Amino acid sequence: VSRDYKEAAKWYEQAIDGGSTNAVFNLAMLYEAGLGVTRDIERAKTLFLSAADRGIAEAQNNLGVLYSESQSNPEERNRALFWLLRAAHQGLPEAEANLGLLYRNGIAVKRDYQEAFRWFKSAAASDIALAQFYLGEAYRLGDGVAANKTESAKWLKKASDKGIAAADTRLAMMYDTGIGTTKNPERAAQLFLKSANAGDVS
């Protein structure tokens, strides 16, 4: 498999020379993951930026995420919002979910739970598991919206069904107490075990 990635990296380099925007994005993905090439986040950023400038929404999203994670470059963190908005305005639900995280955690923006809720709700409607989890959390905690345990359970179940371990934990507590859903200790135990096996310690 590693050899296949190495061959892919060579092919993408050649395709870039021929002007392929998709090759720029795909090579960036390899550098970000360290597949077929030595992992190089700075090189990935450069390539994602090139593809993002050419309007590739997925590149704009990935660049925004990498910028938001930058610990040593405040200027990059401040650019995270710009690129995630560009991707979201192209209709990319993953970017909407990532915008929700920016606003929820106050990264590159002032923390704003209502704005986070708005982005999570939009992404959750497009079946993005992470957004469904955080939407469930928003309803559970009353962050940016009136607390609604029934709505919380609904969205946490969707996230749980997609393998989000933290959703299993929250949902297990709801089944254990009967808050937001019908009390079901057996189902609670199953979910607690599932989340523990997945490594969730929340």
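## A cavity between helices, and what surrounds it

Helix α7 gives the largest share of the lining of the largest cavity, namely four residues. Before we look around in there, keep in mind that this is a predicted model.

**The overall picture**

Let's step back for a moment. How many helices and strands does the protein have? The secondary structure comes to eleven helices and zero strands. Reading along the sequence, you simply meet one α after another: α-α-α-α-α-α-α-α-α-α-α. If you follow just the C-alpha trace, the protein spans about 60 × 40 × 30 Å along its principal axes. There are 202 residues in the protein, and buried ones make up 43% of them. Now take the contacts with a separation of 6 or more along the chain: 41% of these are between residues 24 or more positions apart.

**Inside the cavity**

Back to that hole. The count comes to one cavity of 30 Å³ or more, and the largest cavity holds about 60 Å³ of space. Which helices each supply at least two residues of its lining? They are α7, which covers residues 113–125, and α8, which covers 129–141.

If you want to find the spot in the structure, look for the lining residues: Arg104, Tyr113, Ala116, Phe117, Phe120, Tyr134, Glu137, Ala138 and Asp143. How do they divide by type? Six are nonpolar, none are polar and three are charged.

One of the lining residues is Glu137, and it is worth a stop. Glu137 sits in helix α8. Is Glu137 buried or exposed? The relative accessible area of Glu137 is 4%, and buried means under 20%, so Glu137 counts as buried. What does Glu137 touch, once you leave aside its neighbours within four places in sequence? The answer is Gly142, Leu156 and Arg170.

**Rings meeting rings**

Aromatic side chains can pair up, and here the count comes to six aromatic pairs. One of them joins Trp11 and Tyr12: the centres are 5.6 Å apart and the planes make an angle of 75°, which is edge-to-face. These two partners do not share an exposure class: Trp11 counts as exposed at 52%, whereas Tyr12 is buried at 18%.

Another pair takes us back to the cavity region. Phe117 and Tyr139 have ring centres 5.4 Å apart and planes at 90°, so this pair is edge-to-face as well. Why does this pair tie together parts of the chain that are 22 residues apart? Because Phe117 lies in helix α7 while Tyr139 lies in helix α8. Both Phe117 and Tyr139 are buried. Phe117 is also among the residues that line the largest cavity.

There is a ring cluster too: Phe120, Phe133 and Tyr134 are linked by ring pairs. Two of its members, Phe120 and Tyr134, turn up in the cavity lining.

**Charges over rings**

Rings can also have a charge for company. The charged end of Arg118 sits over the ring of Trp119, at 4.5 Å from the centre of that ring. Likewise, the charged end of Lys158 sits over the ring of Trp155, this time 5.6 Å from the ring centre.

**Around the loops**

Helix α6 runs over residues 93–105, and Asn105 belongs to it. Asn105 and Met174 are 69 residues apart along the chain, and their C-alpha atoms are separated by 25 Å.

After α6 comes a loop leading to α7, and this is where you find Ala108. What is notable about phi of Ala108? Its value is near 70°, which is positive in a residue other than glycine. Most residues other than glycine have a negative phi. Asp127 goes the same way, with a positive phi near 75°. Asp127 is found in the loop between α7 and α8.

Asn105, Ala108 and Asp127 make a handy little table of relative accessible areas:

| Residue | Relative accessible area | Class |
|---|---|---|
| Asn105 | 33% | partly exposed |
| Ala108 | 29% | partly exposed |
| Asp127 | 47% | partly exposed |

**Putting it together**

So as you turn the model, try tracing α7 and α8 around the cavity they help to line. Then find the Phe117 and Tyr139 pair, with one ring in each of these helices.

Conventions. Residues are numbered from 1 along each chain as its sequence is written. This is a predicted model: local features need pLDDT of at least 70, side-chain atom pairs count only at pLDDT 80 or more; totals for chains, interfaces and linings use all residues. Side-chain values use heavy atoms; hydrogens and water are left out. On a 1 Å grid over the protein atoms alone, a cavity is a set of points where a 1.4 Å probe fits but cannot get out, and a pocket is an open set with protein on both sides within 12 Å along at least five of seven lines; lining residues have an atom within 4 Å of a point. Grid points are joined across faces, edges and corners, and a volume is the space filled by probe spheres set on the points. Ala, Val, Leu, Ile, Met, Phe, Trp, Tyr, Cys and Pro count as nonpolar, Asp, Glu, Lys and Arg as charged, and the others, Gly among them, as polar. Rings of Phe, Tyr and Trp (its six-membered ring) pair if their centres lie within 6.5 Å; planes under 30 degrees apart count as stacked, over 60 as edge-to-face and the rest as tilted. Buried means under 20% relative accessible area, exposed over 50%, partly exposed in between (1.4 Å probe, protein chains only). A charge sits over a ring if NZ of Lys or CZ of Arg is within 6 Å of the ring centre and within 35 degrees of the ring normal. Contact means heavy atoms within 4.5 Å.
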